[in-house]
Amino acid sequence: MSPTKTIRRTRARGFTLIEILVVLVILGILVGLLAPRVMDRPDQARVVAAKNNVNVVINALKMYRLDNGGYPTSEQGLTALVRRPETGDVPRNWKSGGYLDNAAQLKDPWNNDYLYENVGGSIQVISLGADGQPGGEGYNADVSSENAQ
């Protein structure tokens, strides 16, 4: 008959509880170190977007001025870039379709309206930052046409 077969028992290899715990601790440390850096990115992106949007609005205001001989008044506001003003100094050569693609461009990345000031022909466009309040530091700082470059 056949020779005696040696039965080889193989032990199923797996991870021990200690090995799993060590991996979890290492992952926890990595997440703890990296999460603040990654979570900070959306706020940085909003500040950059606000600066870019302020510059877009300023350029639209310059086009408005070229067509109409002056900027919209403070009372007409930035909506004069998307809808033809019907009060105050009504523009004679207002561009059909407006100077911005849509009214959504008049909101900053935090969904607040941009502020607009026209004092004696000197204009300023301002986003009040993340907190929506004047002043502030970091992500709460104002973004204006003066510091948007």
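User: What pattern does the protein chain follow when it is read along the sequence?

Analyst: Read from start to end, the protein chain of this predicted model runs α-α-β-β-β, which corresponds to two helices and three strands. Buried residues account for 27% of the 149 residues, and the accessible surface comes to about 10900 Å², with 56% of that area belonging to carbon and sulfur atoms.

User: What makes the pair of Y64 and Y99 edge-to-face?

Analyst: Two aromatic pairs are counted in the model. For Y64 and Y99 the ring centres lie 5.5 Å apart and the planes meet at 65°; since a pair needs centres within 6.5 Å and the edge-to-face class needs planes over 60 degrees apart, both conditions are met, and the pair is therefore edge-to-face. Y64 belongs to helix α2 (residues 41–68) while Y99 sits in the loop between α2 and β1 (115–119), so this pair ties together parts that are 35 residues apart in sequence.

User: How do you know whether Y64 and Y99 are buried or exposed?

Analyst: The cut-off for buried is under 20% relative accessible area. Y64 has 2% and is therefore buried, and Y99, at 11%, falls under that limit and counts as buried too.

User: Which ring forms an aromatic pair with W94, and why is that pair given its class?

Analyst: The partner of W94 is Y99, at 6.1 Å centre to centre and with 80° between the planes. Set against the limits of 6.5 Å for the centres and 60 degrees for the planes, these values make the pair edge-to-face. W94 and Y99 are both buried, and Y64, W94 and Y99 together form one aromatic cluster.

User: Why is Q76 called buried, and what does its side chain reach?

Analyst: Q76, which is placed in the loop between α2 and β1, has a relative accessible area of 9%, and with the limit for buried at 20% the residue is therefore classed as buried. The side chain of Q76 reaches the backbone oxygen of D89 at 3.0 Å. If residues up to four places away in sequence are not counted, Q76 touches Y64, P85, T87, G88, D89 and V90, and the Y64 in that list is a member of the aromatic cluster described above.

User: Which residues have the most contacts inside the largest nonpolar core?

Analyst: That core has 23 residues, and those with the most contacts inside it are V57, L61, L78, L81, L100, Y116 and V125. The elements that give two or more residues to this core are α2 and β2, and α2 supplies the largest share, eight residues. Leaving aside neighbours within four places in sequence, V57 is in contact with L78, L81, L100, Q105 and V125.

User: How do the side chains of β1 show which face is buried?

Analyst: The side chains alternate along β1: Y116 and N118 point to one face and are buried, whereas L115, E117 and V119 point to the other and are not. Such alternation between the two faces of the sheet is what a regular strand shows in general.

User: How do β1 and β2 pair, and which strands stand at the edges of the sheet?

Analyst: β1 and strand β2 (residues 122–127) pair in the antiparallel sense over five bridges, where a pairing requires at least two. Within this pairing, Y116 has V125 as its bridge partner in β2, while E117 stands opposite Q124. The hairpin of β1 and β2 has two residues between the strands, and G120 takes a positive phi near 60° there. The open sheet of three strands has the order β1-β2-β3, with antiparallel pairing. β1 and β3 (143–144) stand at the edges with a single partner strand each, so one side of each is left without a neighbour in the sheet.

User: What is the phi of N111, and why is this residue called exposed?

Analyst: N111 has a positive phi of about 70° although it is not a glycine. Most residues other than glycine have a negative phi. N111 is located in the loop between α2 and β1, and its relative accessible area is 55%; with the limit for exposed set at over 50%, the residue is therefore called exposed.

Definitions and conventions. Residues numbered from 1 in each chain as written. Heavy atoms only, no water. Phe/Tyr/Trp six-rings, centres within 6.5 Å; stacked < 30°, edge-to-face > 60°. Helix = DSSP H or I, 4+ residues; strand = E, 2+ residues; numbered from the N terminus. Buried < 20%, exposed > 50% of the residue type's maximum accessible area, 1.4 Å probe, protein only. Areas by Shrake-Rupley, 256 points an atom, 1.4 Å probe, with all protein chains shown as cover. Polar contact = N/O pair within 3.5 Å; in protein donor to acceptor, adjacent residues only side chain to side chain. Contact = heavy atoms within 4.5 Å. Core = buried A, V, L, I, M, F, W, Y, C linked by side-chain atoms within 4.5 Å.
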